[in-house]
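Colleague: I am new to this structure and would like a close look at one part of it. Please take a pair of packed helices and walk me through the pairing.

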Amino acid sequence: MSIVETLSFEPNPKRQKIEPVSTNSLSYSTCIHSFARHGVCTACNSLVDKRHFRSFHYLSDGTQIRHDSIALAKRLTTKFSCMGEKKLHLVLDLDHTLVHTTSVPSLTEAEKYLIQETGSRHDLWLLKSNEDPVEHLIKLRPFVHDFLREAHKMFTMYVYTKGNRYYAESVLELIDPKRIYFRKRVITREESPYMKTLDLVLADERGVVIVDDTSDVWPDHKSNLVEISGYNYFRMSNSQCSRAYSEERVDESECNGELANVLRLLKEVHCGFFRVKEELESQDVRLLLQEIEFNRGVLH
Ligand SMILES: [Mg+2]
Ligand SMILES: [Zn+2]
């Protein structure tokens, strides 16, 4: 259970319930507590105005946090995570970062053999849905299982995708069926329809690394971002390449591919962050990423 979930559990409210004040037709309390669940304050059981709270659906029971308490909740989350498990936070994109997905009708003639292979391969899956008549093929990026297993030792991980929830859950069935790595920490277009933002990630920005192949969707958090080269397994309609991995029947390298490279970088960041024994509270992944990039620039 996260620190926020622990704090928000108050089975025996210590304070008196504050009488509601009328706001138009609805009645909300004037309570000032920080946490609510389904619109009810967890400390005094008053009905709260949801506009003053932000939902973090992936916390147990959909905990909501009052806007002016979010910064503190994030700070405490990162602080306790660093002190306890020595973990930072990692936000992972799905498409072209961990997987490449394409629709079956868009497969080229040279790719159609893949449909027969879906039953016998562990990196290729056919996705069918009742809501979408179009079938899709999901191809896992080489090294993805090793990447997640290793990253899990250093980071509390989130999936953050512009895809919908059904799609995200389907991919998670393939890469984390027991939900060891991500639990409920999945942010989709339902919660975040426009740009991506760390506002929805419950951790201090100084302790969050993002891995995404698209930087444009992160307008406010470029200094947290590790931009990974996009993984394109299937032929892309706008591709300039003469052949695709799928058509050539080859793939990105397992041990020298992009995910392996990014994992090395993440280890460097994690190691740099926890290098100091004291003053962990002044450590910042954004400075470490900048430093690593600078050093690499000098070396090359
Ligand atoms: Mg992407
Ligand atoms: Zn209250």
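Modeller: What follows covers one helix pair, then the core and the chain around it.

This is a predicted model, in which local features need pLDDT of at least 70 and side-chain atom pairs count only at pLDDT 80 or more, while totals for chains, interfaces and linings use all residues. Residues are numbered from 1 along each chain as its sequence is written, and chains are lettered from A and ligands numbered from 1 in the order in which they are written.

Helices here are DSSP runs of H or I with at least four residues, strands are E runs of at least two, and both are numbered from the N terminus. Helix α4 spans residues 144-154 and helix α7 residues 258-273; their axes lie 10 Å apart, at an angle of about 5 degrees. Axes are lines fitted to C-alpha atoms over the stretch in contact, and angles run from 0 to 180 degrees between N-to-C directions. Angles under 35 degrees count as roughly parallel, so α4 and α7 are roughly parallel to each other.

From α4, V144, F147, E150, A151 and M154 meet L259, L263, L266 and H270 of α7; contact requires C-beta atoms, placed from the backbone, within 7 Å. The residues of this contact divide into seven nonpolar, one polar and one charged. Ala, Val, Leu, Ile, Met, Phe, Trp, Tyr, Cys and Pro count as nonpolar, Asp, Glu, Lys and Arg as charged, and the others, Gly among them, as polar.

A151 is also touched by L90, whose other partners are F155, M157, V209 and V211, leaving out residues up to four places away in sequence. The protein chain as a whole has eight helices and 14 strands.

Technical notes
Angles under 35 degrees count as roughly parallel, over 145 as roughly antiparallel, 65 to 115 as roughly perpendicular and the rest as oblique. Two residues are in contact if their C-beta atoms, placed from the backbone, lie within 7 Å.
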